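The exercises below are meant to be worked through with the model open beside the text. Each one sets a task and then gives a solution in steps.

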Amino acid sequence: MPTAHRRPHRSPRGAVRARCAAVLLTALAAAVTAVTACSPQPDGAAAGRDAGRSLAPAAVPPVDTAALLLDSWVGDGGRGWFVDGAQSAANSPFSLYETAWRLRLAAQAGTPDVRVDPARLALWTGAAEEGRMASSGLPAVAQAGLAVDALLAAGGSADRDRVARTLESLRTGGGYRTGPSATAADPGSTAVAVRALTRLALPVPGPVREANRAALAALTARDTAQNPNAATALLQSAGMLRGAAAVPPHTAELVTAAHRALTALGADPVRLVSEAALREAAGQLGVALPALDPAACAGLVRPDGGVALPGATSSDPQATSAALSLGCPGVRAPAAGPHSRAGWPAPQAAEGALGATAAAVALAAQDGSTARFAPALERQLREVWLPATAAREAPYDTAALVERVDLRLIAKALGDASARTVAGTLPPPSTAGLKPEDDARLLLTAIDAGATPGSNSLVCEPGSAFRTAAARTATGHSVVRAAWLRAAADQCADPDLARRAATEAAAQRAADGVYRAGQDPSFEASVLGVWAERPTTDAAAAWTRAGLCSGDRCAETPEALAESDHTPLRTLATLRAARTGTSTTLFPLAF
């Protein structure tokens with residue numbers, strides 16, 4: 001939507017994971033896929049663009065709505081919701097770290113409630129195989145390693161050639177770097193790379209083998225005691241490359257020294273991750289270690305049976321996997337938790353689930369599949385979203401208004417009973433604190449009031465915030481202003497407000513059905529403009545001519561369209577509504 005009306009941005013990643021990444025990146029390898037993983041467009045076309053000239057790329061294949069909704073559906077067996085971008089590689093809503101480690105933990109523990117389809121998983125992990133999944137927050141080598149783990153654990157297969165190319169691009173002599181910008185190889189990244197190569201039965205380059213042999217031969221017990229994580233990474237690589245054959249005679253001494261140094265760390269989840277990796281390497285190298293002292297797990301096991309990372313408040317699948325492999329008393333694999341058939345959502349995707357779900361239920365209604373998702377959605381609405389939104393009191397800021405409107409859209413799609421429950425539970429609409437120049441809040445408040453029985457007076461009565469705002473002389477023109485004028489006109493059956501809405505929108509019209517945000521044609525502005533002005537033109541065809549859409553794909557600008565690899569759920573639902581030829585169906589779906 002135009003800048004003044006964009007949804008509030010939330011931070012994509014918590015401080016706990018960031019701290020964890022900093023601590024663990026220096027650690028070992030099996031961990032390091034793990035460990036590194038502790039962390040989990042500009043718009044604007046050229047000014048003065050001819051809105052009627054098509055810049056759209058070749059038409060993309062039609063979207064399979066049923067498949068998209070199933071990929072987007074996140075459930076835990078009881079409640080459920082949707083995420084956006086489920087088929088996008090560039091902007092995936094799924095967490096590579098969570099998905100890889102939860103699949104690994106599920107395989108380890110035989111968890112029965114995991115439902116991930118390797119073919120759907122592969123829709124977004126290809127970018128990670130290439131080390132370019134920026135949304136993961138992980139270095140390239142960890143991305144490739146975790147992608148291999150995830151695909152194999154799900155019962156699928158990784159692209160061997162792609163992974164080999166990615167890892168070779170990160171190799172410097174006898175080791176591997178964390179990413180393209182790193183200047184030197186390190187033992188942890190090398191162990192991650194060696195693990196991925198060996199899991200895919202790919203050859204490990206000779207220089208890597210020789211470098212590991214030389215480094216291990218030069219390593220002393222004292223060096224190991226001072227940096228057990230780096231030593232463990234070298235030992236891991238040695239175990240994967242050679243096992244007990246052709247290793248230096250003091251290898252057992254090195255394993256013992258590393259174990260002694262880790263034991264001195266006491267009960268710590270990072271220590272557990274390191275020790276699990278060391279014990280795996282020891283087994284490959286034929287070195288026996290004493291049984292784990294249960295005191296190493298003391299106080300770390302949460303009520304759900306999992307283990308959390310330092311400072312975190314929920315169980316971490318990597319730390320839990322390590323504790324389970326070590327035999328920590330009381331550890332068990334927690335329930336699989338909310339996930340899609342394509343993976344586990346990232347925290348920021350879960351935070352945006354209400355908006356994604358409002359769009360998804362509109363698509364499901366168009367597709368006739370709402371009933372498939374309704375029971376779990378009704379529980380999510382009743383048990384989670386409605387209580388949280390109802391706790392917000394007036395005056396409502398933009399974020400609160402967006403939540404109220406989304407909630408009403410979902411409830412309406414679920415049926416009269418849900419709509420009545422929401423209407424009877426939410427505090428009433430309010431114009432408290434609403435300023436005449438705040439077009440975005442005026443629009444959202446009008447939608448909120450319009451969906452609430454008995455709230456017409458809030459918008460329509462003389463002296464209301466809307467009448468005051470409509471009477472003021474605005475500076476410039478805005479499609480958001482046009483949209484709230486139209487919303488008020490419809491609610492109040494006021495032809496004068498309707499004419500003013502059309503006039504305001506027409507001032508931003510670049511071509512039939514195409515409207516500007518600032519100086520440039522914009523998809524979101526075009527949706528608002530069409531809804532406000534109600535032209536007879538074929539809006540979807542006009543957006544395609546303007547380069548804003550191609551087939552089932554649309555984006556804010558022609559430049560953004562050329563770079564996009566998916567259409568957001570709300571944009572797709574809006575496009576499908578526009579193709580019906582009835583402009584009134586575009587809103588409030590498109591807000």
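**Exercise 1.** Which backbone nitrogen lies 3.0 Å from a polar atom of the side chain of Thr190? Work out the surroundings of Thr190 as well, bearing in mind that this is a predicted model.

*Solution.* Begin with the position in the chain: Thr190 belongs to helix H8, which covers residues 187-199. Next, consider exposure: the relative accessible area of Thr190 is 10%, and since the limit for a buried residue is under 20%, Thr190 counts as buried. The backbone nitrogen asked for is that of Tyr176, at 3.0 Å from a polar atom of the Thr190 side chain. Finally, list the contacts of Thr190, leaving aside neighbours within four places in sequence: these are Gly174, Gly175, Tyr176, Val208 and Ser237.

**Exercise 2.** Classify the geometry of the aromatic pair formed by Phe82 and Phe373, and locate both residues in the chain.

*Solution.* A pair of aromatic rings is described by two quantities, the distance of the centres and the angle of the planes. Searching the whole structure gives six aromatic pairs, and in the one formed by Phe82 and Phe373 the centres are 5.0 Å apart, with 70° between the planes. Because planes over 60 degrees apart count as edge-to-face, the pair of Phe82 and Phe373 is edge-to-face. As to location, Phe82 is in strand E2 (residues 80-82) and Phe373 in helix H17 (residues 370-390), so that the pair links distant parts of the chain, 291 residues apart. Both partners are buried, Phe82 with a relative accessible area of 0% and Phe373 with one of 5%. To complete the picture, Trp73 joins Phe82 and Phe373 in one aromatic cluster.

**Exercise 3.** Find the rings over which the charged ends of Arg404 and Arg534 sit.

*Solution.* For Arg404, the ring is that of Tyr396, whose centre is 4.2 Å from the charged end. For Arg534, the ring belongs to Trp531, and the corresponding distance is 5.1 Å.

**Exercise 4.** Which residues of the largest nonpolar core touch the most other members?

*Solution.* Start from the whole protein, in which 54% of the 591 residues count as buried. The largest nonpolar core has 146 residues, and Leu167 and Trp543 are the ones that touch the most other members. Then follow Leu167 outwards: apart from its neighbours within four places in sequence, Leu167 is in contact with Val141, Ala144, Tyr176, Ala193, Ala196 and Leu197. A second core, separate and of 16 residues, has Leu254, Leu262, Leu278 and Ala281 among its members.

How values were computed. Residues are numbered from 1 along each chain as its sequence is written. This is a predicted model: local features need pLDDT of at least 70, side-chain atom pairs count only at pLDDT 80 or more; totals for chains, interfaces and linings use all residues. Side-chain values use heavy atoms; hydrogens and water are left out. Buried means under 20% relative accessible area, exposed over 50%, partly exposed in between (1.4 Å probe, protein chains only). Rings of Phe, Tyr and Trp (its six-membered ring) pair if their centres lie within 6.5 Å; planes under 30 degrees apart count as stacked, over 60 as edge-to-face and the rest as tilted. Helices (H or I, at least four residues) and strands (E, at least two) are DSSP runs, numbered from the N terminus. A charge sits over a ring if NZ of Lys or CZ of Arg is within 6 Å of the ring centre and within 35 degrees of the ring normal. A polar contact is a pair of N or O atoms within 3.5 Å; within protein, one must be able to donate a hydrogen and the other to accept it, and residues adjacent in sequence count only if both atoms are side-chain atoms. Contact means heavy atoms within 4.5 Å. A nonpolar core is a set of buried Ala, Val, Leu, Ile, Met, Phe, Trp, Tyr and Cys residues joined through side-chain atoms within 4.5 Å.
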